[in-house]
Amino acid sequence: MEDFLEIMTELLEGFGNTIALFAVTLLLALPLGLVLAFGSMSKFKPLKCFVKILVWVIRGTPLMLQILLVSFLPSVFGVATKDIASALGLTVADTLFFFVALAFVINYACYFSEIYRAGIEAIPVGQYEAGKVLGLSKRQIFSKIVFMQVVRRILPPMSNEIITLVKDTSLAQVLGVLDLLNAAKAMVNKFVVLTPFLYAAVFYLLFSGLLTILFGWLEKKLSYYKV
Amino acid sequence: MAFLEVKEITKKFGETSVLKGVSFEMEQGEVVSVIGSSGNGKTTLLRCLNFLETPDGGSITVGGTTVFPTEKAKEKKETNGLNFGMVFQSFHLFPQYTAIENITLAMDVQAKERIKRQGLKLLERKAALKQAKAQNEETAKTLLARVGLENKMNNYPCELSGGQQQRVAIARALALSPDILCFDEPTSALDPELTGEVLKVIKGLRDEGRTMIIVTHEMQFARNVSDKIIFMADGVIEEIGTPSQIFDDPQSEKTRAFFAKASE
Ligand SMILES: Nc1ncnc2c1ncn2[C@@H]1O[C@H](COP(=O)(O)OP(=O)(O)OP(=O)(O)O)[C@@H](O)[C@H]1O
Ligand SMILES: [Mg+2]
């Protein structure tokens, strides 16, 4: 029984970190992705090229590689992780979490940007023109007319990507971040039982299940009109 | 000086010259129909008037003010009324808004900007906006009643027939009281049994004294509703005149050929 309590405490702590990584990534990558999407559709060629290449590189290489790269990059310039930690006023563990989150945000922003772009490009040009002849500015057209139509269109691919993110968070352990899976692994090693893996699986399932329900509800709520 | 003066408008798409110097005038309260065979630049002309395309050359003057060419495009936005309104062939209603919201949207945006410029305190601003919105809703209801759709105000476009959608689009275009309302084949996307209700609305607007430019293939309608007919061919105005001049006694060879072909 005591074992079970210890396992659970440890798993819950790991789950907390998993959720934190998930939330930080979403919170930052969703807006950053929109910015990148505008960049990739920009009429300013150098910007467009830069974003396209960035998205190509990020989507074409493993996320794990990107995490490792971010964490090793400072040492190339002779800066140790603990120096960064003290400069930021963080613990070393938090600094590692920061590296992981940085890689996640960049990676997911690139994926999201492609989803946004496809969604924005699918809006018929007539919607923009109707707004324009009503005297609306570009910004007003986007915020009042286009945006909600884009949200509705991209919700299914977005929810897919976001549920993938739940599982991708387990990559954080390459830097030793104590996420849910890492915590489970530690408990499996400590108590030489497999049940922690089972519990971790249940946690993941509950989390992604909850998200599935949430997105299903949102999709239903937004489908009050047909296009 | 005429109310609307269009002078020598030219427009090229790449190498193809679509408008090769279009000039005409019209007075306030007049209805002008534009006819001509497909691909002759009728839509392009309307799009130039509405600044959906930028003409390569020429000028457009409304009520003595040159609206093209102008460096003060931004300044123009500050004024309340619009010079031109546009009703599209395929409506382009905003699908996520109800009929009445489609109409109030631009009015509310405009009211918000106007109130912002007054530099009121937050609470006063909120109150002013609320009042403006209520007023806009009343205006929208009146407009919907005018196109015979007051009972559909809370329906989404997908719940309306094509003819009803087009009537909402007309009400939407009227909301900002444009000086000149343009129609680009307003009934071409409709089933034949639905064209009547839309044409009736346009006729009603004519009787109220609205200034309108109508691109149409409905010859009988053009004849009944218009003060002037413009026949376009190959990117220029081939012939312009009263309906009886154009329909009964066309001077140009091209106009005659067009009618001969149309009546086949
Ligand atoms: N954006 C564009 N790019 C290139 N060519 C265009 C564009 N818009 C129109 N055109 C060309 O300009 C010509 C005139 O088109 P426009 O739509 O003005 O004709 P129209 O008189 O309205 O024809 P219809 O009666 O079929 O509607 C056509 O040959 C068309 O292919
Ligand atoms: Mg046309």
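Here is a short walk through two places in chain B: the surroundings of ligand 1 and helix α5. Keep in mind as you look around that this is a predicted model.

Let's begin at the ligand. Its shell is made up of B:F13, B:V18, B:S38, B:G39, B:N40, B:G41, B:K42, B:T43, B:T44, B:E185 and B:H217. What kinds of residues are these, nonpolar, polar or charged? The shell around ligand 1 divides into two nonpolar, seven polar and two charged residues. If you look for the element that gives the most to this shell, you will arrive at helix α1 of chain B, residues 42-49, which supplies three residues.

Now zoom in on individual atoms. In the side chain of B:S38, an N or O atom sits 2.4 Å from an oxygen atom of ligand 1. B:N40 takes part through its backbone, where an N or O atom is 3.1 Å from a ligand 1 oxygen. B:E185 brings a polar side-chain atom to 3.2 Å from an oxygen atom of ligand 1. As for cover, ligand 1 taken alone exposes 640 Å², and the protein buries 57% of that.

Next, move along chain B to helix α5, which spans residues 162-175. This helix has 14 residues and reaches 20 Å from its first C-alpha to its last, close to the 20 Å expected at 1.5 Å a residue. Is α5(B) mostly covered or mostly open? Mostly covered: 14 of its 14 residues are buried. To finish, look at B:S177, which follows α5(B) and has a positive phi, near 35°.

Definitions and conventions:
Residues numbered from 1 in each chain as written. Chains lettered and ligands numbered in written order. Predicted model: local features only at pLDDT ≥ 70, side-chain atom pairs only at ≥ 80, totals over all residues. Heavy atoms only, no water. Near = heavy atom within 4 Å. Polar contact = N/O pair within 3.5 Å; in protein donor to acceptor, adjacent residues only side chain to side chain. Areas by Shrake-Rupley, 256 points an atom, 1.4 Å probe, with all protein chains shown as cover. Helix = DSSP H or I, 4+ residues; strand = E, 2+ residues; numbered from the N terminus. Nonpolar A, V, L, I, M, F, W, Y, C, P; charged D, E, K, R; others polar. Expected span 1.5 Å × (residues − 1). Buried < 20%, exposed > 50% of the residue type's maximum accessible area, 1.4 Å probe, protein only.
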